[in-house]
Every structure is written in C-alpha cells, then in structure tokens.
Amino acid sequence: MSDGFAYDVLEYPSHVHPQAHPSRLAAIGRLHGIDAASPRDCHLLEVGCGDGLQLLTLAMAYPQSRFVGVDLSQAAIARGEATRRRLGLDNLQLVAADLTTWDPGLDPFDYIVAHGFFSWVPDVVRDCLLGLCRQALSPAGIAYVSYNALPGCHLRRLMWDMLRHHVRGIDDPRARIAAARDLLACLETDVAGSQVYGDAVRSEARDLLRRPETSVLFHDDLADTNQPFSIGDFAARAGGHGLRYLGEADYHEMSDAGLTDDAGARLDARAGGDRLQREQYLDYLKGRRFRQTLLCRADAPMQDLADAAMARGLSAVGHLRTDDAEGNALDLAEGVAVRFHSGDGAMLTTDHPVIKAALAMVGNAFPAAPAFDEVLIAARQASQSQNTIEADADALAHTWLAAFELGLMILHCDPPGFATEAGATPKANALARMQVEAGSDLITSLRPSMIRIDSPLALELIRLLDGSRDRATLMHDLAERMAALPVDASVGGDHALRDAAWWRAALAGQLEAGLSQTARMGLLEAD
C-alpha cells in the first residue's frame with residue numbers, strides 16, 4: 001500500500017457514490033432473501049474512504065447508525081476529521097491506518113464498502129480486504145467492492161501502457177499529468193495504422209482528455225498498480241475467503257434489456273442457469289469496464305432469483321416521464337397502453353390502471369422516494385381500482401422489480417430524508433453550506449449526489465439557507481450579497497456592479513423558483 005502515500009501528495013477528488021449507499025444495498029439484499037440491516041440502525045465500514053465525504057453524508061442522514069472509515073492517507077483523514085468535528089458527527093470515526101495491520105474490533109459490520117480500492121492495491125491488500133469481509137461481516141452483512149473489469153479494460157490497458165511508458169522517470173505528480181495529457185493529445189490527432197486501431201486509440205485518448213479532474217488521471221490511469229479482473233476471477237477469489245456473489249450495486253447492469261430477443265435466448269443457453277456465467281457472457285457482449293460487485297457470506301440464506309414480494313417493503317425513486325409531450329392528463333383507463341421512460345433510455349409500457357397511476361406518482365415525487373404502501377393506496381384511489389388490494393399489490397410489486405431491473409427506478413430500504421419543498425425558513429444541509437463557504441461549486445445533496453452549481457446567485461442563496469431566514473429576510477440579504485458581485489448572466493445586464501435595490505427588483509420573481517430548485521436537488525433538510 002505504499003502507493004497510497006501519493007494521495008497525501010496530490011489530493012484525490014471527493015465524491016459520494018449513490019450506488020454504494022446502504023439503503024440501496026439493503027434493498028438488493030432483501031430482494032434476494034438476506035435480512036439486511038436498515039441504514040437507520042446499522043454499522044458500516046468504508047475502506048479507502050479518503051476524506052470520508054460519503055460517510056459524512058451517511059452520518060448526517062442516519063444519526064442512530066455508526067460509521068467507520070479507514071484510509072492510509074493521513075492528509076485525507078485529517079481533512080475529513082476536521083469536517084466531522086465541525087458538523088458534530090459523533091457517530092462517525094475516521095482512522096488513518098494500513099489495512100493490513102488495522103484492527104477492526106469485535107463488533108461486526110452490516111456493510112463493508114470499498115470503492116475505487118481493489119484494483120489499485122497489491123495482491124496482499126486485496127486478500128486482506130476479502131479476509132476482513134469474511135471476518136467482520138455480520139451474518140446478514142453485505143460487502144460492496146468495485147474494480148476495473150475485463151474484457152472491457154483491455155482497450156483502456158493500451159492507454160495505460162503507453163502513458164506509463166511516456167511518464168517513466170517523472171516523479172512530480174503535476175509534471176506526470178502534463179506529460180500524460182501531452183501524449184494523449186498527440187494520440188488523438190496523430191495516430192496512424194489500421195482504422196480499427198486508430199479509431200480505438202483516438203476514442204480512448206479523447207475520453208481521458210475530457211475528464212475534468214486531472215488528479216484522477218494521475219491516481220487511476222498512471223498508477224503502477226492497476227489490475228482489472230473478470231467477474232469469474234473476482235468471484236472465485238472472493239469464494240476462497242468464504243464469500244458469495246450477490247449481484248451488482250447498479251442492479252440494471254445485470255439486465256439483458258439491451259439485447260435482442262434472440263441474443264438474450266442465446267445468452268441464457270450459454271449460461272445454463274449459472275449466474276456468474278451469465279454475467280461473464282454479458283461482459284463479453286457489453287464490454288463492461290467497471291464493476292461494483294456485492295458479496296455476502298457464503299453461509300447467508302441468499303436466493304439467486306429476486307423475490308418480487310420483498311419489493312412491498314421498499315421505496316422507489318425514478319425520474320419517470322411518459323411519451324406525452326403536451327402535458328395531457330394521464331389516461332388511466334384499462335387497456336390504454338402508456339410508456340414510461342427515464343433520461344438514460346430505460347422504458348416500460350403498461351396498460352394496467354394501478355401501475356400507470358403508481359409510476360406517474362413515483363415520477364412526480366422525484367427526487368423523493370415514496371414507499372410501496374403509500375403509492376399502492378394512492379394509485380388504487382386515483383385509478384378507482386375494483387381489484388382486490390392483494391391483486392393490485394402483487395402486480396405493483398412485480399412492476400417495481402421489473403423497473404428496478406431495467407434501471408427505470410431505484411429501490412431503497414429506508415432512504416435518506418430531505419425536504420421536497422422549501423418551508424417558511426428553509427435550511428440547506430450543513431455540509432453543502434460548508435462546501436460553498438470553502439469556495440467549492442461542487443456540493444453534496446442529501447439524496448445523496450454531487451451537484452455542480454454554476455451560478456454565483458445560486459451559491460449565495462445556499463450560503464444564506466441556514467434555517468434562520470424567512471422569505472423577506474432572504475430577499476433582503478441575498479440582494480445585499482449580490483450587490484457586491486457582478487450581475488449574473490442568467491439575470492441579464494452587463495457585469496457592472498448593481499446596488500441592492502436593483503437586485504431586489506431583479507430577484508423579485510426568482511427567489512421562489514430558486515428555493516424550489518434547491519429542494520428538487522435534495523439540498524434542504526426536512527423540518
């Protein structure tokens with residue numbers, strides 16, 4: 001793990017990873033027969049936590065749970081610890097330690113998360129992580145381990161080999177990044193050879209050059225240790241430590257929805273009912289480069305097939321829309337088919353009145369995650385269903401599972417709470433306000449997610465949302481703050497300074513819309 005000290009020299013960008021959230025891991029576990037702990041009362045460990053941003057959001061959302069983060073970088077842990085103290089999060093412990101010598105204690109963990117870790121550490125540390133999962137996971141515990149995957153990473157390996165050759169002998173991180181980007185620019189424009197080779201190299205170079213955070217290039221692509229794995233090899237290695245493949249954190253990645261019916265039939269025939277074989281052949285067909293694999297103990301009562309009935313205890317979030325661009329009222333009549341889709345291409349068509357009403361409610365509630373029973377009752381009322389409640393519940397449960405498998409919705413067990421509307425004295429979460437005060441335009445929502453705010457006006461508004469100001473006070477104070485700044489391009493005018501009176505007039509019709517947007521982004525704390 002000596003490479004880990006590079007993270008003290010050049011900071012790795014902090015992000016939250018929604019796919020590793022315990023509310024999502026618990027939902028997957030429960031669908032597959034594991035009585036996974038609710039995130040409201042759990043013990044979670046993150047290995048390679050960096051400055052603990054993911055853990056900070058969890059500790060804020062679930063004050064009754066306990067969270068531990070361990071990382072070799074003392075600088076990253078120091079940053080996280082300073083933030084933890086400012087937020088007063090006593091349910092979070094951050095530790096600077098080498099995983100190979102760190103003692104996790106006797107209290108088992110319900111979740112162990114290692115994102116962006118496994119491929120970038122030596123073999124001895126990989127085995128240490130898997131051994132820790134077997135030793136420290138509770139009987140119904142779930143481990144999340146992400147890693148670079150094969151065969152997709154064979155293409156990226158071309159770039160890694162070229163880049164490492166080009167920066168050999170250069171020690172300074174900034175100089176290594178500059179040299180690597182210089183070679184990538186040349187590869188994007190100067191590569192010769194066959195069309196297949198040239199197209200592949202140009203595409204890979206272009207993708208790496210477009211990354212906004214160059215430190216990722218240094219830590220991920222220029223790292224001396226960067227080992228991709230096939231799902232078969234990874235699962236076999238985990239099996240040697242008494243662990244079993246549960247599934248993928250991005251659950252829709254296990255779907256064959258992108259294949260033709262004939263291709264799906266051939267996939268199933270080749271897999272012969274073996275889940276791991278199916279996943280391996282799917283990787284051949286999709287060229288997957290990165291996996292976020294979930295593991296459980298080999299002795300856990302896991303079911304290979306998801307049980308739709310378990311969806312009844314879960315909540316769902318989805319940015320669902322229909323094909324109707326005119327905004328007409330949804331036709332809930334039986335036999336009238338309606339197609340629901342998400343922004344990334346997932347879609348589902350149904351003519352079931354209750355299902356149509358339910359999916360519309362989930363879409364309208366976004367980014368909140370309404371519970372199954374709440375949606376079922378409201379959808380039956382909206383559609384005036386004459387079916388038995390059990391029949392409608394069964395149909396909705398199977399639809400929720402199907403939508404989850406397609407990537408149309410995300411299922412949660414006890415999702416984090418946040419305000420969906422701005423109250424009388426709205427309050428942005430303390431971490432987001434701290435990030436803005438520190439000068440960052442990339443802030444953390446309570447969903448959780450990372451949100452880039454490109455408007456000085458919006459950033460100033462977030463600064464003021466400390467729960468002490470009503471609308472009139474917000475308008476006054478926001479105008480005073482903006483009076484010292486150039487006019488925001490979204491408001492209009494040139495970039496000359498304007499006084500507070502001008503800003504009050506300019507903002508008169510925008511404050512409520514701005515508050516609604518902060519709520520929609522999941523930035524506001526619930527009352």
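Select Glu390 first: with a relative accessibility of 46%, this residue counts as partly exposed. The model on screen is a predicted one.

**Stop 1: Glu390 and its partner**

Add Arg312 to the selection. Arg312 and Glu390 form a salt bridge, and their closest N and O atoms are 2.7 Å apart. Arg312 sits in the loop between E7 and strand E8 (315–317), while Glu390 belongs to helix H15 (residues 389–406), so the pair ties together parts that lie 78 residues apart in sequence. Arg312 is also partly exposed, at a relative accessible area of 27%.

**Stop 2: a buried pair**

Next select Arg291 and Glu248. Their side chains meet in a salt bridge, 2.5 Å from N to O. Arg291 is in strand E7 (residues 290–297) and Glu248 is in strand E6 (residues 243–248), so this contact ties together parts 43 residues apart in sequence. Are these two residues buried or exposed? Arg291 counts as buried at 1% relative accessibility, and Glu248 counts as buried at 2%.

**Stop 3: a pair within one helix**

Move to helix H17 (residues 456–464), which holds both Glu460 and Arg463, 3 residues apart, or about one turn of the helix. The side chains of Glu460 and Arg463 meet in a salt bridge of 3.2 Å, N to O. Glu460 is buried, with a relative accessible area of 11%, whereas Arg463 is partly exposed at 22%.

Now return to Arg291 and widen the selection. Which residues do salt bridges with shared partners join into one network? They are Glu248, Glu253, Glu279, Asp283, Arg288 and Arg291. In total the structure holds 38 salt bridges.

**Stop 4: the cysteines**

The structure has 0 disulfides. Select Cys296 and show its surroundings: Cys296 takes part in no disulfide, and the nearest cysteine sulfur, belonging to Cys133, is 11 Å away. Cys296 is buried, with a relative accessible area of 0%. Cys186, by contrast, is partly exposed at 33%.

**Stop 5: E2, H4 and E3**

Select residues 66–96 in cartoon view. Strand E2 (residues 66–71) and strand E3 (residues 92–96) run parallel and are joined by 5 bridges. One place to look is Asp71, whose bridge partner in E3 is Ala96. Together with helix H4 (residues 74–87), the two strands make a right-handed β-α-β unit.

H4 has 14 residues and spans 20 Å from its first C-alpha to its last, close to the 20 Å expected at 1.5 Å a residue. Color Ala76, Ile77, Gly80, Glu81, Thr83, Arg84 and Leu87, which are buried. These residues cover an arc of only 165° around the axis, which puts them on the same side of H4. Gln74, Arg85 and Arg86 are exposed on the other side of the helix. Right after H4 comes Gly88, with a positive phi near 70°.

Step back to Pro63, in the loop between helix H3 (53–61) and E2. Pro63 is exposed, at a relative accessible area of 53%. For a sense of distance, pick Glu334 as well: its C-alpha is 45 Å from that of Pro63, and the two are 271 residues apart in sequence.

**Stop 6: the sheet E9-E10-E11**

Finish with the open sheet of 3 strands, ordered E9-E10-E11 and paired antiparallel. Strand E9 (321–322) and strand E11 (347–350) are at the edges with a single partner strand each, so one side of each has no neighbour in the sheet. Strand E10 (residues 338–341) pairs with E11 over 4 bridges. Among the residues to pick here is His341, whose bridge partner in E11 is Met347.

How values were computed
Residues numbered from 1 in each chain as written. Predicted model: local features only at pLDDT ≥ 70, side-chain atom pairs only at ≥ 80, totals over all residues. Heavy atoms only, no water. Pairing = 2+ DSSP bridges. Right-handed = clockwise from strand over helix to strand, strands pointing away. Expected span 1.5 Å × (residues − 1). Buried < 20%, exposed > 50% of the residue type's maximum accessible area, 1.4 Å probe, protein only. Arc of directions from axis to C-beta. Disulfide = S-S within 2.5 Å. Salt bridge = Lys/Arg side-chain N within 4 Å of Asp/Glu carboxyl O.
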